[in-house]
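Me: Please take a close look at one part of this model and set out, in connected prose, what can be said about its surroundings. I would like the reasoning to be spelled out wherever a cut-off decides the matter.

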Amino acid sequence: MDAQGNVQSNDTSTNGTANESEPATPTDAPFPFNSPHADVILRSSDGMNFRVRKAILAEASPFFETMFSLPTGTEQSTEKTHAPDLPVVPMPEDSTVVVGLLQFCYPAGRQLQEMTLDDIVGVLPAARKYTMDRMVEYVTPLLQRFVATSSLRVYCLAIRFQLGEDLTRAAARGFLDHPIQVAYSHITELDYISGAAYARLLDYHNRCSFHVQQLFVRYYTGIDSAWDERCWHQCNFESKKNCTYRSFENSQRVTVWFSGLMVRCRNLAKDRPSSREFSLQSTIAKALVEAGKCTFCGPRAWGDLQVFLPLLTTRIDGAISQISLDVVAEALSA
Ligand SMILES: [Zn+2]
């Protein structure tokens, strides 16, 4: 359809209004978009005919509601070759996108819960274009599923399509699991947000990195009420069989193996200021091996860490939640 949303007659063989790239023989979409009770056909750019009802589309899309309320000014064709005797709406979107839009409108075909991130990326521009606000509201929570694995893409989508502060902040939070230095040239969604929006995300990452690193320098003793009973604090350093000690920057004396663990966590926080990293087995495995050489710490280290690390994780999450992220609405772009 053109910019005014005009509906063409289906007589594309003689009046020259057909899209020149349109395949010669359109194919019919499968159920439920092949209804004999349909009153309009949406034809995707790759030549698939979707027989649908105007009333259902109008219900989901003010864009279509307006379009269908306008007189088409064309006679419906009776051509029988491959175009049915219904008005045809040529769409610039391909059949994958049209299916995504129609699945929202048609409960019988609804499989939106199974949409991949690429599926959502495909339909969002069209959903915005056809003012299908309820569909945008429906897929926005689905994007939360991809925050952990594709945080930057979700952040870009949230900014580009104004999907709300909750999703934007969740995506930025997920971004903390990844180092900034990773090359993002393959993420095409970046093309659609401003440099300022991306800079705000990097600034958020940097500030979280700074504050989380501070937790490993000065504050960690204050988070554990049983700190004095932890093996890394109690181990008798005067025995040759036990651990050597090292003073932390706050003058707390702790075993070398525990100090090493905290240093590794702090180094992780530089690139990935996320509590997820610190609860990984790989992070603490080395500490447990070192603690195992000590007759005092060996039997106690794992139990004490199992109590302490969740406290540390909670403190990190709390610190990150205090870090602000400016979410500035940007003009919607196609
Ligand atoms: Zn020890």
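Reply: What follows is a description of helix α3 and the pocket beside it, and then of the metal site and a few loop positions. The model is a predicted one, and the values below are computed from it.

Helix α3 spans residues 95-105 and has Ser 95 within it. This helix is mostly covered, since 9 of its 11 residues are buried. The buried set consists of Ser 95, Val 97, Val 98, Gly 100, Leu 101, Leu 102, Gln 103, Phe 104 and Cys 105. Their packing partners come from both strands and helices, namely β2 (40-43), β3 (48-52), α1 (54-60), α4 and α5. Ser 95 itself has a relative accessible area of 13%, and because buried means under 20%, this residue belongs to the buried class. Leaving aside residues up to four places away in sequence, Ser 95 touches Ser 44, Asp 46, Met 48 and Phe 50.

The helix also takes part in the largest pocket, which holds about 160 Å³ of space. Of the 12 residues that line this pocket, Thr 96, Gly 100, Gln 103, Met 115 and Asp 119 lie nearest its centre. Two elements, α3 and α4, each give two or more residues to the lining, and α3 gives the most, with 5 residues. Sorted by class, the lining of the largest pocket comprises 4 nonpolar, 5 polar and 3 charged residues. Gly 100 and Gln 103 therefore appear in two lists, being buried residues of α3 and also among those nearest the centre of the pocket.

The metal site can be described in similar detail. The zinc ion has four cysteine sulfurs as its protein donors, the SG atoms of Cys 235, Cys 243, Cys 294 and Cys 297, at 2.2 to 2.4 Å. The angles subtended by the 4 donor atoms run from 98 to 118°, and because four donors count as tetrahedral when all angles lie between 85 and 135 degrees, the arrangement is tetrahedral. For reference, the ideal angle for four tetrahedral donors is 109.5 degrees. Along the sequence, the donor residues follow the spacing C-x7-C-x50-C-x2-C. Cys 243 sits in the loop between α9 (231-234) and β5 (245-247), while Cys 294 sits in the loop between α12 (281-291) and α13 (301-321), so this pair ties together parts that are 51 residues apart in sequence. Both are buried, Cys 243 with a relative accessible area of 8% and Cys 294 at 3% relative accessibility.

Among the loops, two positions deserve a check of their backbone angles. Most residues other than glycine have a negative phi. Thr 131, in the loop between α4 (117-129) and α5 (133-142), has a positive phi near 50°. Gln 162, in the loop between α6 (151-160) and α7 (165-175), likewise has a positive phi near 50°. Thr 131 is partly exposed, with a relative accessible area of 32%, and Gln 162 is also partly exposed, at 37% relative accessibility.

A last loop position is Pro 179, found between α7 and α8 (195-219). Pro 179 is buried, with a relative accessible area of 14%. Its C-alpha lies 9.5 Å from that of Leu 268, although the two residues are 89 apart in sequence.

Terms used:
Residues are numbered from 1 along each chain as its sequence is written. This is a predicted model: local features need pLDDT of at least 70, side-chain atom pairs count only at pLDDT 80 or more; totals for chains, interfaces and linings use all residues. Side-chain values use heavy atoms; hydrogens and water are left out. Helices (H or I, at least four residues) and strands (E, at least two) are DSSP runs, numbered from the N terminus. Buried means under 20% relative accessible area, exposed over 50%, partly exposed in between (1.4 Å probe, protein chains only). Contact means heavy atoms within 4.5 Å. Donors are N, O and S atoms within 2.8 Å of the metal (3.2 Å for Na, K and Ca); water is not among the atoms, so sites may look incomplete. Four donors count as tetrahedral if all angles lie between 85 and 135 degrees; four count as square planar and six as octahedral if opposite donors are over 155 degrees apart and all others between 65 and 115; anything else is irregular. On a 1 Å grid over the protein atoms alone, a cavity is a set of points where a 1.4 Å probe fits but cannot get out, and a pocket is an open set with protein on both sides within 12 Å along at least five of seven lines; lining residues have an atom within 4 Å of a point. Grid points are joined across faces, edges and corners, and a volume is the space filled by probe spheres set on the points. Ala, Val, Leu, Ile, Met, Phe, Trp, Tyr, Cys and Pro count as nonpolar, Asp, Glu, Lys and Arg as charged, and the others, Gly among them, as polar.
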